[in-house]
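Hi everyone, thanks for making time for this. I have one structure to walk through today, so let me put it on the screen.

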Amino acid sequence: MGSEMCIRDSAVTLVTIFDDMVKSSTMPMTENHFISVARDIVPLIEQHASLINRERQLTEKVSGPMADAGLFRLLIPKSRGGYEIDYLEFLKIVSIIAQADGSVAWCLNQNNVLSTLSAFMPDTLAEEIWAERRAVLSNGPPVNPNAVPGEDGYVLNGRWNFSSGSRHATWRVALTPVEGRKGPNGQSEMRNMIVPADWVEMEDTWQVNGLRGTGSFSFLAHDLFVPERLTFIDGGLPEVEGPLYKMPKSLLFCSGFATTALGVARSGLDSVIGLSRAKTPQEQELLMKQPFTQREIGQAEAIWRSANAYLSDSAESAWHFAVTEGEIPVEDRINLRLSSTHAIREAVKVADIAYSLTGSSAIFEQTAIQRKSQDVRTISQQIQGRFSHYDTAGQHFLGMNPQGRLF
């Protein structure tokens, strides 16, 4: 009881400090501020990690303080109610949260990257959405969507799956082709329909073992009227200037999810290193004193550090061009895509080594590597971890036109 009270008091203090800083013109928000906020909120996340996993959602006791502390507004333009922090600082924040809980980090990345839509939508729509301090977006890949234009709006039908963070999000983003309209490329006009969460029907399709806490349910619309003011055409130029909005969303997503995978794997490996100092297999020495353990830990460290270095180098280069040139060269986009996919695949290897070293203890829920191993494997099954991204990179390095669209 005392521990829970301490965690709750810390969350209240965190929000109070944030409130004071927002109100004070002499204490502006900085990137380092949010790194500190992320570190301060880790104990709260760890306290509720089991509940998050069990209930398949970021519980209000976690999502509420995160939203109040501004952690879901990191990539929104300052002119539209956000903090527009440095991309590299954002990845550091994702890593900190991922080492505490994979589902929370996944939602943090998903919701923040999706919120960059705020730079592309009309200012009035951004104001309407983020007027509420705890406003959060969720979306998902569309299945047979359709929007029929009418007077002052559209009639929307369709289904959107894998809507991560759907249970704490307050708005749904439904990307939909508009019937009878053509876009600049000659194909159907694609429009983002952004509606309050309770306007659509939710379907519980998230019966999984890994990343359970993301609550990635599906949502459906049946003859739903969406006012024109809640929509805007997808794929246009940003209405707000800034290097963040020169970064393709696909690369923001993949690098953030790769950072999540590496963070979860790092935490899993650290848990095994700690365990090896205390665990003694039957009739043997301490786990850490066994040559096999030493070799496996060395290999795991090499795999993790190499993947992390490649991802960091690629992210730094892409961000350099976004900041200085306002455009990221194909070579750097390919590298960021490749390093992201590679980091996800290598994170699985690290988690597998950690799981194997843990022995029979790994099969129990209370052992850290049990859940972390499942989270990493689930990340690897998502589109960002597909092996086909190696094909796209290979085509580029062979002097061919890359066929993959997500780079």
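I'll go from the overall make-up to the core, then to the aromatic rings, one asparagine, the strands and a few backbone angles.

Please keep in mind throughout that this is a predicted model. The protein chain holds eleven helices and eight strands. Of its 407 residues, 54% count as buried. On contacts, if we take pairs at least 6 apart in sequence, 72% of them join residues at least 24 apart.

Let's go inside. The largest nonpolar core has 112 residues, and the members that touch the most others are Met-66, Tyr-87, Met-121, Leu-156 and Ile-194. Which helix gives this core its largest share? That is helix H7, residues 249–276, with 13 residues.

Take Met-121 from that list as an example. Setting aside residues up to four places away in sequence, Met-121 touches Arg-80, Ala-126, Ile-129, Trp-130, Ile-194, Phe-232 and Glu-239. Ile-194, you'll remember, is itself one of the core members with the most contacts to other members.

Now the aromatics. How many aromatic pairs does the structure hold? The count is seven. In one of them, the ring centres of Phe-34 and Tyr-83 are 4.9 Å apart with the planes at 50 degrees, so this pair is tilted. For anyone setting up a ring analysis, planes under 30 degrees apart would be stacked and over 60 edge-to-face, with tilted covering the rest. The pair links distant parts of the chain: Phe-34 belongs to helix H2, residues 31–55, while Tyr-83 is in the loop between helices H3 and H4, 49 residues apart. Are these two residues buried or exposed? Phe-34 counts as buried because its relative accessibility is 0%, and Tyr-83 is buried too, with a relative accessible area of 17%.

The next pair is Tyr-87 with Trp-319: here the centres are 5.7 Å apart and the planes at 50 degrees, so this pair is tilted as well. It also links distant parts of the chain, with Tyr-87 in helix H4 and Trp-319 in helix H8, residues 291–324, and 232 residues apart. Tyr-87 counts as buried at 1% relative accessibility, and Trp-319 is buried with a relative accessible area of 9%. Tyr-87 also appeared a moment ago, among the core members that touch the most others.

There is an aromatic cluster to point out too, made of Trp-106, Phe-253 and Phe-257. And for those of you who like charges over rings, Lys-249 lies over the face of Phe-120, 5.1 Å from the ring centre. Arg-266 does likewise with Trp-304, at 5.0 Å from the ring centre.

Here is a polar residue I'd like you to look at: Asn-112, in helix H5, residues 102–114. Asn-112 is buried, with a relative accessible area of 0%. Which backbone oxygens does its side chain reach? One belongs to Leu-71, at 2.8 Å, and the other to Leu-108, where the distance to a polar atom of the Asn-112 side chain is 2.8 Å. Leaving aside neighbours within four places in sequence, Asn-112 is in contact with Leu-71, Phe-72, Arg-73, Leu-74, Leu-75 and Phe-90.

On to the strands. Strand E2, residues 142–150, and strand E3, residues 153–163, run antiparallel and pair over seven bridges. Gly-150 has Gly-153 in E3 as its bridge partner. The two strands form a hairpin with two residues between them, and Asp-152 in the turn has a positive phi of about 60 degrees. E3 also pairs with strand E7, residues 217–227, again in the antiparallel sense, over eight bridges. There, Gly-158 is matched with Ala-221 in E7.

That brings me to backbone angles. Most residues other than glycine have a negative phi, so positive values are worth a look in any model. Arg-56 has a positive phi, near 55 degrees; Arg-56 sits in the loop between H2 and H3 and is buried, at 13% relative accessible area. Asp-223 has a positive phi of about 50 degrees and lies in strand E7. Unlike Arg-56, which is buried, Asp-223 is exposed, with a relative accessible area of 59%.

That's my tour, and I'm happy to take questions.

Definitions and conventions:
Residues numbered from 1 in each chain as written. Predicted model: local features only at pLDDT ≥ 70, side-chain atom pairs only at ≥ 80, totals over all residues. Heavy atoms only, no water. Pairing = 2+ DSSP bridges. Helix = DSSP H or I, 4+ residues; strand = E, 2+ residues; numbered from the N terminus. Phe/Tyr/Trp six-rings, centres within 6.5 Å; stacked < 30°, edge-to-face > 60°. Buried < 20%, exposed > 50% of the residue type's maximum accessible area, 1.4 Å probe, protein only. Lys NZ or Arg CZ within 6 Å of the ring centre and 35° of its normal. Polar contact = N/O pair within 3.5 Å; in protein donor to acceptor, adjacent residues only side chain to side chain. Contact = heavy atoms within 4.5 Å. Core = buried A, V, L, I, M, F, W, Y, C linked by side-chain atoms within 4.5 Å.
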